[in-house]
Every structure is written in C-alpha cells, then in structure tokens.
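Student: I've got a model open and I'd like to learn how to read its helix packing, empty spaces and odd backbone spots. Can you walk me through it?

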Amino acid sequence: RAPAPFAPCLPFHRPRHRQRHRPDGVVVFFSSPLVMTEMAAPQPACHARGALGSASALPPAVPASRRQIPVDLLDIEQECRLLQRALARSPARIRLRFQAATHDAIRQEITVGARRGACAVVHLTGHGQPRHLVLEDGYGGAHLVGGSQLRDLFAAGGGTAAVRLLVVNACHSAAVADLFVAAGVRHVVASPLRVQDAAAAAFTSSFYTALAVGKSVGAAFEIAQETVRASPRLSPGEADKFELLPRGGTHEEVLWPGSLGRGRGQGRGGGSSSDSDGDGAGAAGAA
C-alpha cells in the first residue's frame, strides 16, 4: 500500500476577532531623499566677428548641467516608533499609516482617506526651507514643492475638509502652514525656525501621547512645549520654536476622547495599528 502523501503539520490558530479601528486615523508622510539635484544655467553660444565683418560661430551653447548634492538623512524610523508608542497609549485603536511623501502618494491617500476618515490627522515630516518643503520624487531624489502648490495638492476636491490636524515636522515650515490654515485646516503645528532633532522628537512624543489619552489639541500642544522646555539636554528656547495655528484660535477640540474606553469587539488592549507603504498589510499593534 502506497504511503499517504506528506502533509506538513501546521499549528492551529484560534481566529481572533478583528478589532475595529476608529475612523479618525493618522497618516504619516515621510520625506528623506538621498540627493538633491541642482541645475546650472545653460551658457549661451558666443559669436565673434571675422575680419570682413562676417559672424563666425564659436562652439554651440553648453547645455544645463546637473549637480547632485547629498541630503542629510533623517531618522525616520525613530520618529515612526515614537508615534507608534504614543498612540498605543490610547484606549481606542487608532489606525496609523506610513507613506513616502511623494506628490502622487499624498494625493491618493487624501482622496481615499477622506472618504473613510483615515486622514483626520496628517503628520508630514522632512526637510523644510523658508518657502518650500522637500518631498521625494519616487526615485531617491528631492522634490522641492512650494507652499501654495502643496496646499493645492491637499485641497483639490475638498481634501482639506477631512484633515482636522496637520503637523508639519520640518524646519521653516510656518509660512507653508499659514497657507493650510487659510485653506480651512482647523489645527496646524509648525515651526518658523530651525529645530533641533532632539527637540522635535521630544515634542512629537509628548504631543501625540497627550492626544491619545484624550487631551484637546491646545492642551496637548502646551504639554509638549513644557516637555521640551524642561528637558535637561535642550535649551528652553527650543520650546518656543513650535507654533499652533491659527494664532489665537480655539484649539479645544479633542480628537480621541479618552473616556470612550474599550468599545465592543475590542480585545484586551487598545493601541495603534500601523500599515507601512499604504498596502494595508502587516497591521500590528505597538506596545
């Protein structure tokens, strides 16, 4: 009698009840390009007059040259871990998504996320310049985008109406942030100056932790500022480099009320669920 075909013995897993996420999730757009391309202006062709007054052309115009400049890398992984740990303190299950900050990814995420409330909070991290933010071009290079162009990218089709909080974690981002306020975003966190990496990390961790446990946007901002100001390794002036816009506005909105507790269908823990690269796979709670 022929032996039965080999069948691997797989461990039996009891199906777990799928936890339901809150509709007001967080999408993180990160930008850390490798190089920035600098274009040199083309040199026009030169002409010289011959002895008889005829024009004798010298070599043709030199085409524009490209020079690639390395860009300082940001510790994107550390920032993602900070966000995961902060949102894991919420009794609700908050969906956390990560996307490379290309213009196409931003527009697709806002379009799809606006319908299901997955982009109520947008966290944009990267390099900044006084009038530009540095996105990625999808090939490892930098893509400089002006503030008005970035605002229009978000606002097309009413996209900014779905964004309740925008955090622009980049130096010199206040000018860009003002445009988002004018476009209707209720709460915008930015900085008009250059911020130390350690200050940005301390602010991000404290700000999102306070939001996760049910603090209002204004209260969370105040807590984060005081955390930076009290840090023994940072100058107290670093705390004043962060701004909550609109200035003088009402920021009493609570994004994730801590009094909700664990709803039906949730397991023992709350926490956040993170998806990377927007593929919807690999969701995992953060401890």
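**Helices, holes and backbone**

Tutor: Let's start with a helix pair: the axes of α1 (residues 76–87) and α5 (residues 197–212) come within 8 Å and cross at roughly 25°. Helices here are DSSP runs of H or I with at least four residues, strands are E runs of at least two, and both are numbered from the N terminus. An axis is a line fitted to C-alpha atoms, for helices over the stretch in contact, and angles run from 0 to 180 degrees between N-to-C directions. Since angles under 35 degrees count as roughly parallel, over 145 as roughly antiparallel, 65 to 115 as roughly perpendicular and the rest as oblique, α1 is roughly parallel to α5.

Tutor: Before we go on, this is a predicted model, where local features need pLDDT of at least 70, side-chain atom pairs count only at pLDDT 80 or more, and totals for chains, interfaces and linings use all residues. Residues are numbered from 1 along each chain as its sequence is written, and side-chain values use heavy atoms, with hydrogens and water left out.

Student: Which hand does the crossing of α1 and α5 have?

Tutor: A crossing is left-handed if the near helix is turned anticlockwise from the far one by less than a right angle, and right-handed if clockwise. The α1 and α5 crossing is right-handed. In contact terms (heavy atoms within 4.5 Å), α1 brings Glu-79, Leu-82, Leu-83, Ala-86 and Leu-87, while α5 brings Ala-201, Thr-204, Ser-205, Tyr-208, Thr-209 and Ala-212. By class, that contact has seven nonpolar, three polar and one charged residue. The classes go like this: Ala, Val, Leu, Ile, Met, Phe, Trp, Tyr, Cys and Pro are nonpolar, Asp, Glu, Lys and Arg are charged, and the others, Gly among them, are polar.

Student: At what angle do α3 and α4 pack?

Tutor: Helix α3 (residues 147–155) and helix α4 (residues 174–182) pack at about 35°, with axes 9 Å apart, and their crossing is right-handed. Gly-147, Ser-148, Leu-150, Arg-151 and Phe-154 of α3 meet Val-176, Leu-179 and Phe-180 of α4.

Student: Now the empty space. How many cavities of 30 Å³ or more are there?

Tutor: Rolling a probe the size of a water molecule over the atoms shows where empty space is left. On a 1 Å grid over the protein atoms alone, a cavity is a set of points where a 1.4 Å probe fits but cannot get out; a pocket is an open set with protein on both sides within 12 Å along at least five of seven lines, and lining residues have an atom within 4 Å of a point. Points are joined across faces, edges and corners, and volume is the space filled by probe spheres set on them. The count is one cavity of 30 Å³ or more, and the largest has about 50 Å³. Its lining has six nonpolar, four polar and no charged residues, with the largest share, three residues, from β9.

Student: What volume does the largest pocket have?

Tutor: About 620 Å³. It is lined by 32 residues, with Leu-74, Asn-169, Val-195, Asp-197 and Ala-200 nearest its centre. Helix α5 gives the largest share, six residues.

Student: And which backbone spots should I look at?

Tutor: Most residues other than glycine have a negative phi, and most peptide bonds are trans. Here the Leu-245 to Pro-246 bond is cis, with omega near 0°, and His-172 has a positive phi near 55°. His-172 sits in the loop between β11 and α4.
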